[in-house]
Amino acid sequence: HLITGQWGDDITTTTQGTLVQRQYTYTIPADLNGITYELGDLEIVAFLAEGHQGIITGTEGPLTFILPTGSSLVDLASTTNMQAPATYCDGNVTPEITVSNPGSNPVTSYEVSYTLGNAAPVAQTINTALASGANNTVTFPAVTLPAGSHQFIYTVTTATSTDIEVSHSNNNSVSAIINVLSSTAMGETHTEGFESLSLGDESPMHAISDNPNRIDAFVIDNTASSSVSQNLGGFGNSDKSYFWDFFSIESGSSKIVFEKLDFSTGNEYSVTFNHAYAQFGNENDKLEVLVSTDCGVTWTTKYSKQGTSLKTAPAHGSSRFFPETNEWASDYIDLSSYAGQSDVMIAFKGTSDYGNDLFIDDIQIHNAINTSIKENENQVVNAYPNPTKGLLTINVENTNALVSISIYNSLGEIVLNNKNRAQGSSAIVLDLSSLENGIYFANINIDGNTEVKQITVLK
């Protein structure tokens, strides 16, 4: 604001040695275009110019606020040290704010509040004066958070019109992000292909994004870049995948954590997924798959690849990596050691080494023996090697049984039909080398009874 107008006040007394003294009073508005004035941020500058041309000299001067009678300038600040739950399955928290007075005058009374999501603020008024240099911690009634990601925003303000804040910039504080998952298992198996989500979504279905470094990690499709025309789903078979932006992130990590699964009824649990990654040069960006049976208190690493062991394409040293349809790889993780566990939690974690981008897709967490389909417990079937690079052997212990096999892809389409085994032999050898990498299902009919085996092709 120009207190003296655009051209200032003329000084006509210019005799050497003459003192010219002027006094101006500026009434500070409540706001400027809706933005509240911060008294502590205001500055005043005076300068002398000649002939409305160049500035001859100038200086910054101190501000003296003329306050209404009975008022005083105060300053309030807030921080929070609220404790987050120890596990993802505990949504019980006690909101907490610590108010301090860094100003030189006491604060008569003040209001503290918090907001959570789109809910109305929860507020308390503290009518006990807060001395200069003092602080006070205020707790709110405990709350139980639903499943999802949550963050508390805390605010402190003066509660009387006679306490005038010199600065509002330190009135707000935020808690760490609190991630909560259901304490009840969502089922025995789970599939996530990201197709039902939108570009930019951070959390898949039945999962949360645990992202304390706030790195860019989200669902992506080819509309994210005008230079990409191919589908960005696994092997180009779908539109979307999940993406870690290591191209522009020097360090940091995030993980997507799925709700608990119940592995208590099966014995051949596993995870399969597809990934695509290229280095920028020789960086060691990392992908890990972690398993927890105590709701995220501790994790066991079941898969870890980085750098050259993770890459599926040549280095992209001059541009961001977007995978072509042939620049994907399939991954298999044996989780049979968790059979009998009723609370199994699985997480995918990406860690940046400032290399290039990482994509994952087609996550399937499953029990290879489908007990709802298996009808004849007297027949024992083995399929090996699984994963296979091409040749797969189906072994049936009852050599007198009549056996036929059909292979289906994940869309339910038959890709190999009616492979029969003569009575008296124990094995059928299948050539799957013509199939693309991915997950398939062997429908094995034994004397009229059906058993299904999940097969992974990795070449």
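1. Let's start with the cysteines: searching the whole structure turns up one disulfide. Keep in mind that this is a predicted model. The bond runs from Cys89 to Cys295, with the sulfurs 1.5 Å apart. That falls inside the cut-off used here, since a disulfide is a pair of cysteine sulfur atoms within 2.5 Å.

2. What is the handedness of this disulfide? The torsion about the S-S bond of Cys89 and Cys295 is about 75°, so it is right-handed. Cys89 sits in the loop between β6 (77-79) and β7 (92-93), while Cys295 sits in the loop between β24 (286-292) and β25 (300-306), so the bond ties together parts that are 206 residues apart in sequence. Cys295 is buried, with a relative accessible area of 8%.

3. Now the rings. The count of aromatic pairs comes to 16. One of them is Tyr88 with Trp299, an edge-to-face pair at 6.4 Å centre to centre and 70° between the planes. Have a look at where these two sit: Tyr88 is in the loop between β6 and β7 and Trp299 is in the loop between β24 and β25, so this pair ties together parts 211 residues apart in sequence. Those loops also hold the two cysteines, Cys89 in the β6-β7 loop and Cys295 in the β24-β25 loop.

4. Is Tyr88 buried or exposed? At a relative accessible area of 9%, Tyr88 is buried. Trp299, at 24%, is partly exposed, because the buried class ends at 20% and the exposed class begins over 50%.

5. Phe321 and Phe359 make another edge-to-face pair, 6.1 Å centre to centre with 75° between the planes. This pair links distant parts of the chain: Phe321 is in the loop between β25 and β26, Phe359 is in strand β28, and they are 38 residues apart. Both Phe321 and Phe359 are buried. They also belong to one aromatic cluster, together with Phe218, Phe243 and Phe322.

6. Back in the loop between β6 and β7, you will also find Met82. Met82 counts as buried, at 12% relative accessibility. Its C-alpha is 7.0 Å from that of Ser175, although Met82 and Ser175 are 93 residues apart in sequence.

7. Next, the second largest pocket, which holds about 560 Å³ of space. Which residues are closest to its centre? Of the 28 that line it, they are Asn237, Asn274, Asp362, Ser410 and Ile439. By class, the lining splits into eight nonpolar, 14 polar and six charged residues.

8. Several strands feed that lining. β18 (190-192), β23 (269-277), β26 (329-334), β28 (358-367) and β34 (438-446) each supply at least two residues to it. β28 gives the most, with four residues. This is also the strand that carries Phe359 from point 5.

9. Last, a hairpin for you to check by eye. Strands β3 (residues 44-49) and β4 (residues 55-61) pair in the antiparallel sense over six bridges. Phe47 stands opposite Gly58 in β4. Where is the positive phi in this hairpin? It belongs to Gly51, near 65°, and the hairpin has five residues between the strands. If you are following the side chains along β3 and β4, remember the usual pattern. In a regular strand, side chains alternate between the two faces of the sheet.

Definitions and conventions: Residues are numbered from 1 along each chain as its sequence is written. This is a predicted model: local features need pLDDT of at least 70, side-chain atom pairs count only at pLDDT 80 or more; totals for chains, interfaces and linings use all residues. Side-chain values use heavy atoms; hydrogens and water are left out. Buried means under 20% relative accessible area, exposed over 50%, partly exposed in between (1.4 Å probe, protein chains only). On a 1 Å grid over the protein atoms alone, a cavity is a set of points where a 1.4 Å probe fits but cannot get out, and a pocket is an open set with protein on both sides within 12 Å along at least five of seven lines; lining residues have an atom within 4 Å of a point. Grid points are joined across faces, edges and corners, and a volume is the space filled by probe spheres set on the points. Ala, Val, Leu, Ile, Met, Phe, Trp, Tyr, Cys and Pro count as nonpolar, Asp, Glu, Lys and Arg as charged, and the others, Gly among them, as polar. Two strands pair if DSSP finds at least two bridges between them. Rings of Phe, Tyr and Trp (its six-membered ring) pair if their centres lie within 6.5 Å; planes under 30 degrees apart count as stacked, over 60 as edge-to-face and the rest as tilted.
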